[in-house]
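Me: I'm new to this structure and would love a close look at one part of it. Could you walk me through the catalytic domain listed in the record and a few residues in it?

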Amino acid sequence: MDPPKESKRALEKARKKAEKAVKKAEFALRPKEPSAATPASSSSSSKVPANVFEEGWLARVYREKPSNVPVRTRFPPEPNGFLHIGHCKAIAVNFGFAKAHSGVCFLRYDDTNPAKEDEIYFTSIREIIQWLGFEPYKITYSSDHFDRLYQLAEELIRRDKAYVCHCSREEVNLQRGGPDNRGPRYACEHRERPIEESLAEFQAMRDGKYAPGEAYLRMKQSLTDPNEGNPQMWDLPAYRVVEKNHHHRTGLKWKIYPTYDFTHCLCDSFEEISHSMCTTEFQQSRVSYDWLLEALDFKVPKSEERGPMQREYGRLNVTGTILSKRRIQMLVEGVTVEKKNSDGTVVKKIIPPSVRGWDDPRLYTLVALRRRGIPAKALLNFVEGLGVTDALTEIQTTRLESSIRSYLERSVPRLALILDPIKVVIEDATEADERELTVPYDPKRLIPGERQVKLTREVYIDGSDFREEDSPEYFRLAPNKTVGLLNVPFAIRAVSFSKDSSGRVSEIRAVKSEDKPKTYIHWVDVSSAVKVVARQYYSLFKTDSPNTLDWKEGGWADDLNPNSEITFKNAVIEKGLIDLVKLHSVHPSRASDDLVRFQALRTGYFCIDPEKEHDNIILNQIVSLREDKSK
């Protein structure tokens, strides 16, 4: 009898497993190369890789450059919006790579589009980098080099590598093969104009002769080469006329501004960047990057010994949320959209703001994650744990929250927070029962410190810990049922309860009980309770794929989760929170911010929001105590 045949899926799985084992064995047998920062004679050749910079993709990128080339990297954000969680990976890669190889990392603002730039973005970017624990070697601006960039643009024209074009956007699109880039490509009449004519026209652009869209400086690349399949080599624009031309640093000096494709590689060269690392969406740009450097003699063709080297890693994306600046702006500011009905009529729809601002804790901008209370170190640990390859890293929000939860569990104190308080009166409690309890911040003593917790005959418990009708599978407080109070030497039994005018249970009467409780609940003493406003956060959208929603006609607004923020305006917390605030002010934590974080017993992890509501402290839930299975 023949043995049963394995399924194609099983065979494929076995093949991949075998290939992985072979690669692992080959890596183990491969001799270690000494780094530029470590002499070859040192013992580092036998060092086991300790992080993502010593193995895998980043290690291979490092070895592509000669070992005597000093490592110089840069983080080059556009100051036209707030950074999001994907930028955290870019910051960690560029700053971390430089640090791992005893190099330096620049913060360079790519400020070449004055129409969209604002000082608030410059400030926020700098603060976020410091919050993450990094310090730039130098803070530079693309605008530092505007004069030199202009001179090089003229030189490119003189070398017959650029020309001024007056074609419309639609005409340029057709020249590049049409909307799908698959049609025939052809040059316009301006491509072969005399060098002196292009120089004169470029200077006319500079002097304000042309309005936006009337003239561009285009690089003369490989538009007409039928074998060139890379759109980044189809005569990209190098300079354009900008309508709002007041620049935050150069004022009204310039009416024309360089494009990213012209500016980026040249600024890398000016700053002697060795490794220019970006995400894979710029992979095709590597060819045009090298082309321009070689055309102006900043780089030797097919060599990495001189000039910057661009390499691309996979970006970090988070499912269940949005990271697009334009779409987040719709949430922050609201938007008016036009929707066309089946009968041809157009209806305007006004969608109001859906969040408080760019730092609303429901968003995944870095200012929002910071306000929500996620520690910078926890975020960096998470990003490093994902590794760095040239593949897209797409993770669910629950995976991020799980990582943050693990970090906080080992680093923050515990306090009792009651979200929905019900007063319990212990009728037979005596003066001897009323006391100050000494309670550690962490029952396992992994986190040092303790606080004093007051106990009197009146305490608050959470509404979720009481039922009007008992059942066998319910172990918390109910009529004639015993429950333990955490850290209290006696249990209590409910004997009666009363309701307010709305029908909500407002008070429970109880007595001490000698019965052994089946469970314990947390509580807060009424006389010393601190009133707070607590907020819990959930997904902003009902769907797991909000990027697939209708963002043109406003259909996304119908998918907003009405319960993305739950507010408890009558919450109370033990007075230990005030003690924690005082302790924090005297001995700030090692975190790069001044937020007070704690674990609310049986509830979740919280931090104190920078703002208050009617003098009441606002608490933001960082993550729940356990993963929400409904997410």
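Reply: Here is a short tour of that domain, going residue by residue. Please keep in mind that this is a predicted model.

Let's begin with the annotation. An unreviewed UniProt entry lists residues 71-409 as "domain: Glutamyl/glutaminyl-tRNA synthetase class Ib catalytic". That span is 36% helix and 17% strand, and its end C-alpha atoms are 37 Å apart.

A good first stop is Pro79, in the loop that runs between strand E1 (72-75) and helix H3 (85-100). Pro79 counts as buried because its relative accessible area is 0%, below the 20% cut-off. Beyond its sequence neighbours up to four places away, Pro79 touches several residues, including Tyr109, Asp111, Glu117 and Phe122. Trp57 is 22 residues from Pro79 along the chain, and their C-alpha atoms are separated by 29 Å.

Next comes His247, found in the loop between strand E6 (237-241) and strand E7 (256-258). With a relative accessibility of 0%, His247 is buried too. Its contacts outside the four places on either side in sequence are Asp111, Pro114, Glu117, Ser143, Phe146 and Tyr257. Asp111 and Glu117 therefore appear in the contacts of both Pro79 and His247. Within its own loop, the His247 side chain reaches the backbone nitrogen of Arg249 at 3.0 Å.

Finally, look at helix H8, residues 260-270, where 9 of the 11 residues are buried. Among them are Phe262, His264, Leu266 and Phe270. Just after H8, Glu272 has a positive phi of about 55°.

Definitions and conventions. Residues are numbered from 1 along each chain as its sequence is written. This is a predicted model: local features need pLDDT of at least 70, side-chain atom pairs count only at pLDDT 80 or more; totals for chains, interfaces and linings use all residues. Side-chain values use heavy atoms; hydrogens and water are left out. UniProt positions are given in the numbering used here, feature names are shortened, and annotations may be inferred rather than shown by experiment. Helices (H or I, at least four residues) and strands (E, at least two) are DSSP runs, numbered from the N terminus. Buried means under 20% relative accessible area, exposed over 50%, partly exposed in between (1.4 Å probe, protein chains only). A polar contact is a pair of N or O atoms within 3.5 Å; within protein, one must be able to donate a hydrogen and the other to accept it, and residues adjacent in sequence count only if both atoms are side-chain atoms. Contact means heavy atoms within 4.5 Å.
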